[in-house]
Amino acid sequence: MTGQVRTVDGRVAGRRGQATRQKLLDCLSEMLSSSPYRDVKVIDVARKAGTSPATFYQYFPDVEGAVLELAEEMAKEGAGLTELVGGRSWVGKAGWQASEELVEGFLDFWRRHDAILRVVDLGAAEGDKRFYKIRMKVLNSVTNSLTDAVKELQSKGRVDKDVSPGAVAGSLVVMLAGVASHQKGFTTWGVKQAELRPNLALLVVHLGITGKKAGQVGAGQDTPAHAGPPHPRPAPPRPVSPTADHPCGPPSAFPHRPRTLWNGPMSDAQKDFRDLLHAQRVWDVPPPRFDPSSAPAAPLPLFHAWFAEAVAAGQTEPHTMTLATADTEGRPDVRTLILHDADERGWHFATHATSTKGRQLAARPYAALGFYWPAQGRQVRVRGAAVPAGREESRADLHARSTGALAAALTGSQSEVLGSQEELVRASEAAWDRARAEPDAEAETWTRYVVEPREVEFFQGDGRRRHVRLRYRRDGAAWTRELLWP
């Protein structure tokens with residue numbers, strides 16, 4: 001949003017008021033993704049945002065008014081879709097690439113804003129001029145640029161002079177919008193996303209903009225209008241690493257040019273894997289906003305809050321984390337395990353002291369932890385010394401776990417070479433019998449560790465890749481907060 005934010009009665013909202021207003025919009029957006037528009041009530045939005053209906057009415061006249069605010073914000077972002085069309089070549093290989101990127105960006109935009117776009121479509125279909133205007137604002141951002149592209153090709157003799165540029169462009173955009181709003185439905189027809197995108201791109205560039213069928217060469221065109229992409233892959237490679245710290249990168253309505261990939265001999269299995277890999281999406285819902293200026297002075301309260309929000313957002317196994325250690329030669333190692341606690345001392349986990357990670361921590365007592373919660377586009381990184389807890393605390397940790405967890409600990413021999421699966425079955429059955437018979441049985445090497453944090457970083461993803469990275473650094477007994485470039 002730009003300019004001053006005002007309440008319904010015209011007062012200028014302060015920073016806290018703006019944050020409350022935005023939280024109400026974020027909660028409403030989340031609710032629209034799972035509830036019919038007309039089932040959403042003011043009291044439900046307010047309760048989800050942790051405030052009152054009276055506060056809601058300070059900023060919006062009703063739910064519909066708030067929905068229109070969300071729709072206007074979405075339309076402003078949609079105006080950027082014109083960058084996928086303007087100044088592009090639509091012939092030959094360049095034309096195929098431009099078409100793929102247009103389809104990719106259009107489908108991504110629709111997926112990220114699916115909930116609000118469904119409401120806009122409903123309002124426009126019912127004759128509400130406000131929603132109709134917003135819908136046309138989004139569609140016009142692409143239609144006008146495509147019209148100009150067809151006109152330019154027409155002036156160069158590459159498109160028949162009897163073709164109406166506006167009719168072609170409008171038809172293509174409506175087709176794209178229809179397909180984008182029905183992406184999930186294609187799976188019921190057995191059509192994969194990896195198949196949808198290249199075929200839709202084919203319709204756009206060859207049967208739409210250039211008007212050339214497969215194999216034809218347009219007047220003055222240096223390369224044939226291919227019936228498919230120049231390389232045998234169904235989708236362009238995605239820009240999957242916008243930052244060194246974010247292994248996936250968010251979907252974007254403005255994808256980069258595809259990277260150059262190895263185009264030498266490739267097995268069918270490798271092609272299938274690459275196609276499947278490049279068809280994957282991340283952050284299917286808009287990530288929440290995070291204002292680092294409102295963050296607490298220490299990292300633990302923020303971690304507790306983000307963990308609770310990940311659980312509320314339906315994040316699968318939010319208590320799992322990656323643990324990175326290093327061996328005696330400094331070679332890194334990593335695995336996934338369960339967080340046992342996070343308190344003023346640090347982040348807790350447990351394992352056998354004789355396991356690989358236990359031996360590595362004995363030699364190099366430092367570790368890094370990583371939490372990734374894609375449901376909200378968030379991750380948390382913790383670095384510090386890994387200190388073994390006392391014997392009593394390790395024993396209490398072991399006996400606070402389930403019978404199955406105790407049996408696994410009693411099985412022992414973690415990370416050692418296993419002779420056969422049958423050997424494991426025998427040892428496991430014996431451990432289960434003992435765990436049931438002796439719930440207080442001891443596993444002498446079971447050790448609880450506490451990672452005493454020196455640095456804790458909170459990463460909030462952003463759909464436009466303006467990610468927020470807030471790092472806490474311990475400075476004596478206090479913490480220093482600083483923002484990092486994404």
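A polar contact is a pair of N or O atoms within 3.5 Å; within protein, one atom must be able to donate a hydrogen and the other to accept it. I begin with that term since one such pair opens today's presentation. The structure before you is a predicted model.

The side chains of Thr351 and Lys357 are joined by a polar contact of 3.4 Å. Thr351 sits in strand E4, which covers residues 347-352. Is Thr351 buried or exposed? Its relative accessibility is 2%, so Thr351 counts as buried. Leaving aside residues up to four places away in sequence, Thr351 touches Lys357, Gln414, Thr445, Trp446, Thr447 and Tyr449.

Let me now step back to the whole protein. The model contains 15 helices and nine strands. Of its 486 residues, 45% are buried. The accessible surface comes to about 24800 Å², and carbon and sulfur atoms hold 53% of that area. Among contacts with a separation of 6 or more, 67% are between residues 24 or more positions apart.

A word on confidence is in order. The mean pLDDT of the protein is 81, with 85% of the residues at 70 or more. Where does pLDDT stay under 50? That stretch is residues 213-260, for which the model nevertheless has 123 contacts beyond four places in sequence. Where pLDDT is low, the predicted coordinates should not be read in detail.

I turn next to the interior. In soluble globular proteins, nonpolar side chains tend to be buried together. In this model, the largest nonpolar core has 63 residues. The residues with the most contacts inside that core are Leu28, Leu32, Val67, Leu102, Phe106, Trp110 and Leu146. Which helix gives the most to this core? It is helix H7, residues 129-155, with nine residues. There is also a second, separate core of 30 residues, including Ala295, Ala310, Met321 and Tyr472.

The remaining topic is charge. Side chains of opposite charge can pair when their charged atoms come close. Across the whole structure, a search finds 30 salt bridges. I shall present three of these pairs.

In the first pair, Glu457 and Arg381 meet through their side chains at 2.7 Å, N to O. This salt bridge links distant parts of the chain, with Glu457 in strand E7 (residues 446-460) and Arg381 in strand E6 (residues 378-388), 76 residues apart. The two partners have their own exposure values: Glu457 is buried, at a relative accessible area of 5%, whereas Arg381 is partly exposed, at 30%.

The next pair is Asp397 and Arg448, whose closest N and O atoms are 2.7 Å apart in a salt bridge. Asp397 belongs to helix H13 (residues 391-399) and Arg448 to strand E7, so this pair ties together parts that are 51 residues apart in sequence. Both Asp397 and Arg448 are buried. Which residues are linked with Asp397 and Arg448 in a network of salt bridges? They are Asp343, Arg345 and Glu393.

The last pair is Arg436 and Asp433, a salt bridge with its closest N and O atoms 3.6 Å apart. These residues lie three apart in helix H15 (residues 421-437), and are therefore separated by about one helical turn. Arg436 counts as exposed because its relative accessibility is 54%, and the cut-off for that term is over 50%.

How values were computed
Residues are numbered from 1 along each chain as its sequence is written. This is a predicted model: local features need pLDDT of at least 70, side-chain atom pairs count only at pLDDT 80 or more; totals for chains, interfaces and linings use all residues. Side-chain values use heavy atoms; hydrogens and water are left out. A nonpolar core is a set of buried Ala, Val, Leu, Ile, Met, Phe, Trp, Tyr and Cys residues joined through side-chain atoms within 4.5 Å. Buried means under 20% relative accessible area, exposed over 50%, partly exposed in between (1.4 Å probe, protein chains only). Helices (H or I, at least four residues) and strands (E, at least two) are DSSP runs, numbered from the N terminus. pLDDT is the predictor's confidence in each residue, from 0 to 100. Contact means heavy atoms within 4.5 Å. A salt bridge is a side-chain nitrogen of Lys or Arg within 4 Å of a carboxyl oxygen of Asp or Glu. Accessible areas come from the Shrake-Rupley method with a 1.4 Å probe; for residues, only the protein chains shown count as cover.
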